[in-house]
Amino acid sequence: MNHTMKLDPVPFAQIKSGVKTIELRLYDEKRRQIAVGDTIFFTSTEDPGQTIAARVEALYRFPSFAELYRSLPLLRCGYTAETVAQASPADMECYYSMERQRQYGVVGIALSLL
């Protein structure tokens, strides 16, 4: 199955370069349709003509980003050696409120570029 998602320029470039191999999302109705082996087409919010295709290798589900951050390697989630020490689950609250996290849970989507 194929899926589409939008990404801001920095995470788009990180996935494109292979640095970011786990995309973090709310585990809402749209993400619940994703299965291992599916393809996700990521589109840049800055340039909708830029698209990346990636295969879903694994899905890591958690009740909150706090638990996800304790369990997954953050260097694969878009943080760098310079920023990982300041990494906080609160970083994701600008995208997904705590209420929505409690409602749906969250997911780390492990990817490999196609």
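A residue counts as buried when its relative accessible area is under 20%. In this predicted model, Tyr-69 has a relative accessible area of 8% and is therefore buried. Tyr-69 is also a good place to start a tour of the interior, since the largest nonpolar core, of 17 residues, lists Tyr-69 together with Leu-24, Phe-65 and Leu-68 as the residues with the most contacts inside that core. At least two residues of this core come from each of strand 2 (22-26), strand 4 (51-62), helix 3 (65-71) and strand 5 (106-113).

Leu-24 illustrates how these elements meet. Beyond its neighbours within four places in sequence, Leu-24 is in contact with Phe-65, Leu-68 and Tyr-69, and also with Cys-77, Met-92, Tyr-96, Val-107 and Gly-108. A second, separate core holds 15 residues, among them Phe-12, Tyr-27, Leu-59 and Val-107.

Aromatic rings add a further layer to the picture, with three aromatic pairs in total. In one of them, the ring centres of Tyr-69 and Tyr-79 lie 5.9 Å apart and the planes stand at 75 degrees, so the arrangement is edge-to-face. This pair bridges distant parts of the chain: Tyr-69 belongs to helix 3, whereas Tyr-79, 10 residues away, sits in the loop between helix 3 and helix 4 (98-104). Tyr-79 is buried too, at a relative accessible area of 14%.

The rings of Tyr-95 and Tyr-96 have centres 6.3 Å apart and planes at 50 degrees, and the pair is therefore tilted. Tyr-96 is buried at 11%, whereas Tyr-95 is partly exposed, with a relative accessibility of 48%. Together with Phe-65, these two tyrosines, Tyr-95 and Tyr-96, form one aromatic cluster.

Methods
Residues numbered from 1 in each chain as written. Predicted model: local features only at pLDDT ≥ 70, side-chain atom pairs only at ≥ 80, totals over all residues. Heavy atoms only, no water. Core = buried A, V, L, I, M, F, W, Y, C linked by side-chain atoms within 4.5 Å. Buried < 20%, exposed > 50% of the residue type's maximum accessible area, 1.4 Å probe, protein only. Helix = DSSP H or I, 4+ residues; strand = E, 2+ residues; numbered from the N terminus. Contact = heavy atoms within 4.5 Å. Phe/Tyr/Trp six-rings, centres within 6.5 Å; stacked < 30°, edge-to-face > 60°.
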